[in-house]
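Biologist: Please take one residue of this model and look at it closely. Then place it in the wider setting of the chain.

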Amino acid sequence: MNDDLRRSAAHVFVTDIGDPVLDDDDAHHLTRVLRLRAGQKVSVSDGRGAWRICEWRDGLLVSVGDVSVMNAPTDVLTVALSPVKGDRTDWAIEKLVEVGIDRIVVLAPVERSVVRWDDTKSLANIERFRRISRAAAAQCRRVFLPTVEGPVPLSDVVAGTNVAIAEPGGSPVLDGVTTIIVGPEGGFTEEEVALAGATVDLGPTVLRADTAAVVAATLMVAHSRR
């Protein structure tokens, strides 16, 4: 990671890094939560790979560094997961972003799904997941904002390329896999697993659904960097 990014007092996403303007939530966070002091460095990004360093002055961001642009990842790494009870999906979304996943897909209910939302709740929850993703991306100094989609039917996800379902007894090798699908509590049915064809194994123990999503992400990101 670039040293200026790593050492910035805060990292935020703005619409225009040429004229960085904070939204209300970020302004509150920098002013009231972090209580930044004048002159502290803040990195800003457009979420599409461009970023620069600014200074915090009287509640405003003043550009002091040149614009840098990072190349987009060659492979878009995706984890598709079924929502689980309580706030564990929130936790999983946050950790997927921290690990380095580029695209998060929230699955529509499958046969063994416990969590089933109506349209109104689906919309509200996906928007909350996007806010969690954005905050996590800022915390770990990412310059590309991960996307969060959903709810998406399992059949649509398996129709993509380089897709595998996380399943005990699957392949221990992730060569070529850029999307891993994780099922709900209780896992997928045999018929659902057969939709993807390819399966990958996440280890010797039975994992909670939210933990399995993070393990899948960690293995895939580590493999992509070899």
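**A residue and its setting**

Modeller: D210 is found in helix α7; helices here are DSSP runs of H or I with at least four residues, strands are E runs of at least two, and both are numbered from the N terminus. The model is predicted, with local features requiring pLDDT of at least 70 and side-chain atom pairs pLDDT 80 or more, while totals for chains, interfaces and linings use all residues. Residues are numbered from 1 along each chain as its sequence is written, and side-chain values use heavy atoms, with hydrogens and water left out.

D210 counts as buried because its relative accessibility is 4%. Buried means under 20% relative accessible area, exposed over 50%, and partly exposed in between, with a 1.4 Å probe and protein chains only. Leaving aside residues up to four places away in sequence, D210 touches V84, R88, W91 and A92; a contact means heavy atoms within 4.5 Å.

Helix α7 (209-224) also gives two or more residues to the largest nonpolar core, as do β6 (78-81), α3 (88-99), β7 (103-107), α4 (119-139), β9 (163-171) and β10 (179-182). Such a core is a set of buried Ala, Val, Leu, Ile, Met, Phe, Trp, Tyr and Cys residues joined through side-chain atoms within 4.5 Å. This one has 32 residues, of which L96, I101, I104, I180 and M220 touch the most other members. With residues up to four places away again not counted, L96 touches V79, L81, I101, I104, R142, A213, V214 and A217.

For contrast, consider P73, in the loop between β5 (68-69) and β6. P73 counts as partly exposed because its relative accessibility is 37%. P73 and W51 are 22 residues apart along the chain, and their C-alpha atoms are separated by 16 Å.

As for the whole, the protein chain has 7 helices and 11 strands, and 45% of its 226 residues count as buried. Its radius of gyration is 19 Å, which agrees with the value near 17 Å for a compact globule of 226 residues; the radius is taken over C-alpha atoms, and the globule rule is 2.2 Å times the number of residues to the power 0.38. The C-alpha trace spans about 60 × 40 × 30 Å along its principal axes. Among contacts between residues at least 6 apart in sequence, 68% join residues at least 24 apart.
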